[in-house]
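Notebook open, coffee ready. Here is what I looked up today, starting with the strands.

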Amino acid sequence: MGGESKVYSLAEVSKHNHAKDCWLVIEGKVYNVTKFLEDHPGGDDVLMSSTGKDATDDFEDVGHSSSARAMMDEFYVGDIDTSTIPTKNKYTPPKQPHYDQDKTSEFVVKLLQFLVPLLILGLAFGVRFYTKTPASS
């Protein structure tokens, strides 16, 4: 990696996104991994799916060995212009109506707490009463 390295924009790197010409951006550096596609232990699909974006997270999530990291030097072609990489969007959940518990009056809640068990008990007695067979004389 001697001398001055070339700086690429993400748009330039994104053009190299097929099996005959595959470039990746990892930790601010650009790598031409075309020759490594067939030898990659995870298969070429893994590398191909990481083109056109900053693949640092993809690379780190796998937990590459130190020998794999050392091997990257032979594929280095330059640096990425970090201003061309879009900022990561933070997930914001969709807006949902807020349930205000205070709107439900305490009287209604207490009434339901009393009536629901009574209704269940009444239903149980009713079912038992109607399913009882009359005694024969």
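**Sheet.** I'm working with a predicted model, and I began by following its open sheet of five strands. I wrote down the order as β1-β5-β4-β3-β2, and the pairing is mixed. Next I looked for the edges: β1 (6–8) and β2 (17–18) are the edge strands, each pairing on one side only.

Then I picked one pair, β4 (residues 29–32) and β5 (residues 76–80). They run antiparallel, and I found three bridges joining them. Who faces Val30? Looking across to β5, I found Gly78 opposite Val30.

**Cores.** Which residues have the most contacts inside the largest nonpolar core? My list is Leu24, Ile26, Tyr31, Val33, Leu47, Met72 and Phe75, out of 13 residues in that core. Strand β3 (residues 21–26) gives the most to this core, three residues.

I clicked on Ile26 and, skipping residues up to four places away in sequence, saw that Ile26 touches Tyr31, Ala55, Thr56, Phe59 and Met72. There's another core lying apart from that one, with eight residues, including Tyr8, Val13, Val30 and Ile85. So Val30 turns up again, this time as a member of a nonpolar core.

**His16.** Last stop: His16, in the loop between α1 (10–14) and β2. Is His16 buried or exposed? I put His16 down as buried, because its relative accessibility is 18% and the cut-off for buried is under 20%.

Its side chain makes a polar contact of 2.4 Å with the side chain of Asp21. Again leaving out residues up to four places away in sequence, I noted that His16 touches Asp21, Cys22, Trp23 and Thr51.

Terms used: Residues are numbered from 1 along each chain as its sequence is written. This is a predicted model: local features need pLDDT of at least 70, side-chain atom pairs count only at pLDDT 80 or more; totals for chains, interfaces and linings use all residues. Side-chain values use heavy atoms; hydrogens and water are left out. A nonpolar core is a set of buried Ala, Val, Leu, Ile, Met, Phe, Trp, Tyr and Cys residues joined through side-chain atoms within 4.5 Å. Buried means under 20% relative accessible area, exposed over 50%, partly exposed in between (1.4 Å probe, protein chains only). Helices (H or I, at least four residues) and strands (E, at least two) are DSSP runs, numbered from the N terminus. Contact means heavy atoms within 4.5 Å. Two strands pair if DSSP finds at least two bridges between them. A polar contact is a pair of N or O atoms within 3.5 Å; within protein, one must be able to donate a hydrogen and the other to accept it, and residues adjacent in sequence count only if both atoms are side-chain atoms.
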